[in-house]
Amino acid sequence: MGAWLSTTRPRSASAADELVDDPAGEHVVPARTRIPLGSDPVVLLADADERIRQGLSAQLAKYQVSVVHCADGATALLEAGLRKPDVLLVSADLPVIDGATVLRLVRRRLSIPVVLGVGPDDTAQVAPALAAGASACVARPYRPREVAQLLSLADRGARGWDQPLVCGPLTLDPSTYEVRMHGMSTARLPLREFQLLHLLMLHAEKVITRDRIRAELWGEGARRSNTITVHIRRLRERLGDDPHHPEIIQTVRGVGYRLVPPSS
């Protein structure tokens, strides 16, 4: 399973700039600082709209990300095999070979994150794409920071990101993007919440400071004071943790959070 990273609310071309979602989902705030990425990251962008390709390339250059362009699905498959990019970003409505088919074929051969760009008329393709192994689905036109953030997935892959984690009856499998409690799948987690849970489970029983969470998941993007708090609250809800007396994700006041494996 993948992660639905963004809403599919249509945006004008002028909105495809450095924007990051407000955690409350109500506004967007500018993100002007460079987020931490691997060395010389490359995005392979397959999109029939030249304006979108050029615009995203120009914006990602501010994050020191290189973009390789192609205008159809057949070329995307060829370039993916030749270049082995850090992330493959394909629009759902690609000509020659559609984005969903590109996704399935690449998934058989490569272990890179594959992201499907979904426009306002493509929302029906989200669930099948995630089931086929999409790492995420993002709104198109694209928000450059969301695309840049996905490169952290590729970087983590080289550091054992794909290894399953088990904390009592709570399990997390990055290779399938599944989270289970007592063997039952939870609601699908958005990408950022999945990354947050992974970080907490990776260091179960230890306190993870808010500064570390901010640095590893947002870089300098978490400017609002309640960004982390909102994501923790949503994560507790998905895990069935009591929001008033949490037992799984505990708050260490003034410091950060600690994940305690739930009882069997």
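## Helix packing, cores and backbone features

Met181 is placed in strand 11. In this predicted model, Met181 has a relative accessible area of 14% and is therefore buried, the limit for that class being under 20%. Beyond its neighbours within four places in sequence, Met181 is in contact with Pro169, Leu170, Thr186, Leu239, Ile248 and Pro262. Thr171 stands 10 residues from Met181 along the chain, and the C-alpha atoms of these two residues are separated by 6.6 Å.

Strand 11 (178-181) is also one of the elements that supply at least two residues each to the largest nonpolar core; the others are strand 9 (165-167), strand 10 (170-173), helix 6, helix 7, helix 8 (227-239) and strand 15 (256-259). This core has 27 residues, and those with the most contacts inside it are Leu197, Leu200, Leu239, Ile249 and Leu259. Helix 6 provides the largest share of the core, with 7 residues. The surroundings of Ile249 can be listed in full: leaving aside neighbours within four places in sequence, Ile249 is in contact with Leu200, Ile232, Leu235, Arg236, Leu239, Asp241, Tyr257, Arg258 and Leu259. A second core, separate from this one, has 25 residues, including Ala76, Leu94, Ile112 and Leu130.

How do the helices that contribute to the largest core pack against each other? Two packed helices are described by the angle between their axes and the distance between the axes. Helix 6 and helix 8 pack with their axes 10 Å apart, at an angle of about 80 degrees. Because angles of 65 to 115 degrees count as roughly perpendicular, helix 6 is roughly perpendicular to helix 8. On the helix 6 side the contact is made by Arg192, Glu193, Leu196, Leu197 and Leu200, and on the helix 8 side by His231, Ile232, Arg234, Leu235, Arg238 and Leu239. The residues of this contact of helix 6 with helix 8 comprise 6 nonpolar, 1 polar and 4 charged.

Helix 6 (residues 191-202) also packs against helix 7 (residues 210-217); their axes come within 11 Å and cross at roughly 130 degrees. This angle makes helix 6 oblique to helix 7. The crossing of helix 6 and helix 7 is right-handed. In this contact, Arg192, Gln195, Leu196 and Leu199 of helix 6 meet Arg212, Ile213, Glu216 and Leu217 of helix 7. The residues of the contact of helix 6 with helix 7 comprise 4 nonpolar, 1 polar and 3 charged.

Some backbone features in loops also deserve mention. Most residues other than glycine have a negative phi, and most peptide bonds are trans. Lys84 and Glu205 each have a positive phi, as tabulated below.

| Residue | Phi | Loop | Relative accessible area |
|---|---|---|---|
| Lys84 | near 50 degrees | between helix 2 (73-83) and strand 6 (87-91) | 48%, partly exposed |
| Glu205 | near 75 degrees | between helix 6 and strand 13 (207-209) | 48%, partly exposed |

Both values of 48% fall short of the exposed class, which requires over 50%, so Lys84 and Glu205 count as partly exposed.

Which residues are joined by a cis peptide bond? Arg140 and Pro141 are joined in this way, with omega about 5 degrees. Pro141 belongs to the loop between strand 8 (136-139) and helix 5 (144-157).

Methods. Residues numbered from 1 in each chain as written. Predicted model: local features only at pLDDT ≥ 70, side-chain atom pairs only at ≥ 80, totals over all residues. Heavy atoms only, no water. Axes fitted to C-alpha atoms, helices over the stretch in contact; angles between N-to-C directions. Helix = DSSP H or I, 4+ residues; strand = E, 2+ residues; numbered from the N terminus. Parallel < 35°, antiparallel > 145°, perpendicular 65-115°, else oblique. Left-handed = near helix turned anticlockwise from the far one by under 90°. Contact = heavy atoms within 4.5 Å. Nonpolar A, V, L, I, M, F, W, Y, C, P; charged D, E, K, R; others polar. Core = buried A, V, L, I, M, F, W, Y, C linked by side-chain atoms within 4.5 Å. Buried < 20%, exposed > 50% of the residue type's maximum accessible area, 1.4 Å probe, protein only.
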